[in-house]
Amino acid sequence: MPTLRLVLGDHLSRDVAALDGLDAAGDVVLMVEVAAETTYVPHHKQKIVFILAAMRHFAEALRGEGINVDYVRLDDPANGGSFTSELMRALTRHAVDRIVVTEPGEWRVRAMMEDWAAATGLPVEIREDDRFFCPRGRFARWAEGRKAFRMEFFYREMRRETGLLMEGGQPAGGQWNYDAENRKALPKDARLPRRLRFAPDAITRAVMDLVSTRFAGHFGDLEAFGWAVTRADALMALDHFIAEALPAFGDVQDAMKRGEPFLYHGLLSPYLNVGLLTAREVCLAAETAWRRGTAPLNAVEGFIRQILGWREYVRGIYWHQMPAYAETNALNATRPLPWFYWSGETDLACLAEVVGDTRRNAYAHHIQRLMVTGNFALLAGIRPAEVEAWYLAVYVDAFEWVELPNVHGMVMFADGGLLASKPYAASGAYIDRMSDYCAGCAYDPKVKIGKGACPFNLLYWRFIAENAGTLSGNPRMAMPYRTWEGMESGRKVQILTEARAFLDGLDARPAGPSRGRPAMLDL
Ligand code: FAD
Ligand code: DLZ
Ligand code: SF4
């Protein structure tokens, strides 16, 4: 029976479920560039280029196999602008008996798909996305009956089930987790690998021209675009990472350095998330490096845990908890997002650096996201929905299934501790220990109050005081609460007064245009 197979922008895998059983003679593969997806948050320019260029290359590869691909471009004058409108229009071009699609990565698109059978009058088969280690049903069984979820226990089950880094039923090396070895600061003489960049070809350059005109006001630089947009190039990026960066990935996984946004990180999340690489092949490549003796166990375990553990865990939580998950605000945070998240114009050097990296590359590594921009948003009490919209917009790898649990749960503690056992709140001392950012700052991480006091120090104690009702009973927060309670009352008053003055000075939205202002922002 002739089938219309819709392939979305993050379904770019040849073995994606929607293409299973494809009949090249009778079926049509539909791919659509649509305004609604390019603007539901003001995506970084590089993110739009990455997805549209990867889609165009994927369509070419399918055509090379003799498959009938109906590809609708963003600038097609007849383009109706949404998945639904383009599906309806495609049905006027093709006589098909049914529609097949892989389940999407976002709740809002899933809800849209539920209406398609009624709208089209055709059967719509929404197939499970089997590119993950842990099917949704498997996660639900693990989650059943638990009040709070903890990644570490989930991860151990995934290790056992996949056999990754297992020896005779036991974890390789005798330990499940080597995180304690992975928290070193970057040595001064560290030699960092040069990272692969992929020069845009004619297809990608055409998309860059489109984006630089149509999305000129969106956040982010486009000139530096060097992401892979084909599977062949993504595989080259994987090989390069395994050979050049993985061996040192572990020790300094949490380090940050001015002018060095990539350090030893994989830079693989965009490829994993749109389907140019599979999670299984990436984990197997890392495991093979360890078995061959070219990368140490602490690095390989740390890396595999991010994918087999964290990535699968946050996806499980997303689908298990949505749509209610996005609505909670356990710490009642209500402050608007400061404008410097878009402009980078702030005298807090760490924030200026991370926003600057994000603007240049549509990338920041995990600790930059968690402990700089995330930590600030948590301590300053920014409204979770605004923080989430920012993260979803600015990173090339951002899709809601992975962004939301990381921001809502891990960063903002807005789920009240479902995902993490305590908030990742830290004072300036943490940033000073893990980076060289403070050396160039107007503030001093060692100064706690008064002139030059690092705002993270003031905000940390204010956060502790403000959220005592919710957090002081948490055993993992016992130490900061003991310290706060033991602090001399005059000092407490001074900290709270200075923190309040700092927060009052934060500027949510400047009157005039600012560098980095996104064209459309509907938060
Ligand atoms: P590496 O450090 O090399 O890690 C290897 C891989 O592990 C990554 O490619 C990624 O697939 C996976 N991974 C690592 N940490 C996580 C995690 N916490 N959750 C899920 N996967 C993880 N990742 C996204 O893919 N999309 C997002 O939108 C996203 N938003 C985030 C927002 C916040 C506030 C935080 C704290 C983390 C977020 N992450 C997100 C997770 C992580 O920061 C990125 O996956 C990572 O920085 C990608 O760069 P990399 O490939 O160099 O990662
Ligand atoms: C993110 C994105 C963008 C910017 N543009 C498109 C697009 O034009 N067409 C498309 O199929 N997908 C796009 N995407 C990815 C979708 O937003 C993604 O498939 C949904 O969010 C579901 O995960
Ligand atoms: Fe950031 Fe404080 Fe260090 Fe400045 S002193 S870079 S604000 S942590």
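**Ligand 3 and the contact of domains 2 and 3**

Ligand 3 is surrounded by Leu 348, Ala 349, Cys 350, Gly 428, Ile 431, Tyr 437, Cys 438, Cys 441, Tyr 443, Pro 445, Cys 454 and Phe 456, each with a heavy atom within 4 Å of the ligand. Two elements, α15 (349-361) and α19 (428-434), each give two or more residues to this shell; helices here are DSSP runs of H or I, at least four residues, numbered from the N terminus. By class the shell has 11 nonpolar residues, one polar and no charged, with Gly counted as polar, and Cys, Tyr and Pro among the nonpolar.

This is a predicted model, where local features need pLDDT of at least 70 and side-chain atom pairs pLDDT 80 or more, while totals for chains, interfaces and linings use all residues. Residues are numbered from 1 along each chain, ligands from 1 in the order written, and side-chain values use heavy atoms, without hydrogens and water.

Next, the domains. An automatic or database assignment divides the chain into domain 1 (3-127), domain 2 (136-321) and domain 3 (340-522). Between domain 2 and domain 3, the contact (heavy atoms within 4.5 Å) takes 39 residues from domain 2 and 43 from domain 3. About 3500 Å² is buried there, 64% of it from carbon and sulfur atoms; that is accessible area, 1.4 Å probe, lost on putting the two parts together, summed over both.

The rule finds one salt bridge across this interface, meaning a side-chain nitrogen of Lys or Arg within 4 Å of a carboxyl oxygen of Asp or Glu. Asp 436 forms a salt bridge with Lys 257, closest N and O atoms 3.8 Å apart.
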